[in-house]
Amino acid sequence: MYSLNFTGGRFFLLSPPLAQEMTREIDHPPIRDHQAYLTWPPILYIVISMNATADILIIGGGPAGIFAAISAAQNADRPRRILILEHNFMLGRKLLKTGNGRCNITNRAIAPVRYHGENNRFLPGLFARFTNRDLLNYFQNLGVEFKEEEQGCIFPVTDQASTILDILKEEIERYGIEVLLNTRVEKAARAHSGEFTIHCSGGAQFTAKKLIIATGGVTYPQLGARGDGYSFAEGFGHTVIPAVPALVALTIENKALFDLQGVKATVAAAAHQDKKPIASIMDEMLFTHYGVSGPAILYLSSFIVRNLPRTKTVLKINFFPGLTPEGAKEKLRALWEKNPKRALGNSLIGILPKKLSQVLMRNVAGLDISVRSDGVSKGDRARIAASLTALEIIIKSTLAVNDAQVTSGGVCTQEIRGDTMESQRVKNLYFAGEVLDINGDCGGYNLQFAFSSGHVAGRNAAM
Ligand SMILES: Cc1cc2nc3c(=O)[nH]c(=O)nc-3n(C[C@H](O)[C@H](O)[C@H](O)COP(=O)(O)OP(=O)(O)OC[C@H]3O[C@@H](n4cnc5c(N)ncnc54)[C@H](O)[C@@H]3O)c2cc1C
């Protein structure tokens with residue numbers, strides 16, 4: 001049964017099941033001045049009284065926006081009307097996907113050096129104001145327990161990202177923060193009065209004394225990322241560094257390596273751009289049908305994506321980490337001396353994945369892998385050793401934003417104060433999270449940045 005309602009001069013058909021569904025989201029937290037409606041044809045949306053004014057309005061209900069709201073509520077010296085506008089049907093949709101649904105919330109080793117951007121100088125001030133310890137204490141005081149895994153990665157003991165989101169939702173309710181879901185901000189501007197005017201899809205409009213932009217980046221558009229925050233920022237006179245995917249797999253030029261699809265190996269990998277060494281790591285990599293992926297590659301991607309279109313980017317891979325080409329030649333000689341009759345293609349099966357050694361010897365070194373090991377010349381041995389210890393992979397591009405974990409680029413941090421997250425261009429305007437030109441390494445660094453910047457923005461907006 002649909003019921004009929006009349007609001008603002010328009011009739012709406014209200015669907016009880018959908019209204020109930022919405023009520024679950026919008027009753028929790030208590031939202032004032034709103035109703036949920038189903039129009040005919042059936043489009044569900046919320047009508048909130050036009051020209052509502054918030055003390056602090058936050059665009060984006062991801063970890064940065066949610067934490068900014070909570071922090072503002074905690075630090076306000078008097079009751080403030082705090083409103084989150086979220087485009088998705090739920091808060092924290094991306095947060096639920098983090099860490100493969102387990103939420104790698106932070107890292108034991110948070111440090112500015114683990115972040116990338118045109119200007120990281122504001123990071124020490126930011127992290128000094130809200131550290132990884134502060135983040136864990138915050139959740140621990142609310143009963144969440146954590147565990148540390150490899151490389152300092154920290155997860156809730158439940159192994160569920162929903163633990164973190166549920167706690168945050170409880171906090172939103174506790175502080176009476178208002179949330180409007182299914183509400184996309186289309187325009188944000190500053191009126192002569194100094195207040196902000198916010199125009200949303202569906203025609204709703206708000207004014208706000210303070211505005212926090214926490215709209216995230218452009219990666220994983222399937223979870224709501226659209227890059228809207230960049231155009232809002234530009235409208236306020238901010239510079240936006242072009243956004244590209246980071247923590248992302250890479251496509252390659254070397255067709256000879258496509259036969260390696262599915263091969264995994266622990267390698268020492270170094271990225272070079274225009275022959276200059278950029279970054280290196282020892283970790284696992286994976287060969288795919290388009291190129292290369294795996295933790296080592298995702299790590300290196302953060303260092304190279306910004307300059308990728310303008311430079312020649314080469315990855316140098318050593319499948320025997322720690323061994324030089326000379327050392328590898330010696331290792332091969334000793335191995336082949338022990339089993340001289342073994343076919344070359346099978347001669348390394350004890351030390352490397354068979355497919356890897358065969359493809360490198362055949363497709364890269366250009367050898368017949370059916371010959372006996374003792375028939376390999378010195379020169380061929382040198383070529384095999386080189387392909388095993390200094391394989392050069394030429395990088396073409398990255399996968400698209402749909403497959404990248406974070407965005408590199410965004411609102412220029414030179415125009416933001418690290419101690420408050422306030423814009424240096426527009427008073428009472430704040431930024432938090434991935435919308436900024438900062439991206440962290442894999443391992444909890446990005447969520448920590450979202451929470452730290454959200455906390456600092458919210459606290460200062462409340463002052
Ligand atoms: C698959 C995956 C796994 C990840 N795992 C980890 C991990 O384990 N650890 C880690 O540290 N990081 C991880 N990350 C990165 C991390 O999720 C992000 O860095 C973090 O979510 C950024 O938080 P944010 O609040 O700035 O942005 P988001 O989480 O993207 O939130 C921004 C919100 O703003 C809303 N929005 C955008 N535009 C508008 C608009 N115009 N109007 C209204 N609302 C709008 C969006 O719908 C969205 O909900 C992962 C990312 C992905 C994609």
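Select Asn428 first: in this predicted model, Asn428 is partly exposed, because 18 other C-beta atoms lie within 10 Å, and a residue counts as buried at 20 or more. To find the residue along the chain, show strand E22 (406-411) and strand E23 (429-431); Asn428 sits in the loop between them. Then check the backbone. Asn428 is not a glycine, yet its phi is positive, about 70°. Most residues other than glycine have a negative phi.

Next, select Asp159. The loop to display runs between strand E10 (153-156) and helix H6 (161-174), and Asp159 is in that loop. Its phi is also positive, at about 60°, although Asp159 is not a glycine. How exposed is Asp159? The residue counts as partly exposed because it has 13 C-beta neighbours inside 10 Å; the exposed class takes 12 or fewer.

Now select the ligand and the residues around it. The shell holds 39 residues, and the closest are Gly60, Gly62, Gly216, Gly224 and Gly433. Colour the helices that give two or more residues to this shell: H2 (63-75), H3 (98-101) and H12 (445-461). Which element gives the largest share? Helix H12 does, with 4 residues.

Finally, colour the shell around the ligand by residue class. Polar residues number 17 and nonpolar residues 14, while 8 are charged. Glycine is counted among the polar residues, so the closest residues listed above, including Gly60 and Gly433, should take the polar colour.

Notes:
Residues are numbered from 1 along each chain as its sequence is written. This is a predicted model: local features need pLDDT of at least 70, side-chain atom pairs count only at pLDDT 80 or more; totals for chains, interfaces and linings use all residues. A residue is near a molecule or strand if its C-beta atom, placed from the backbone, lies within 6 Å of it.
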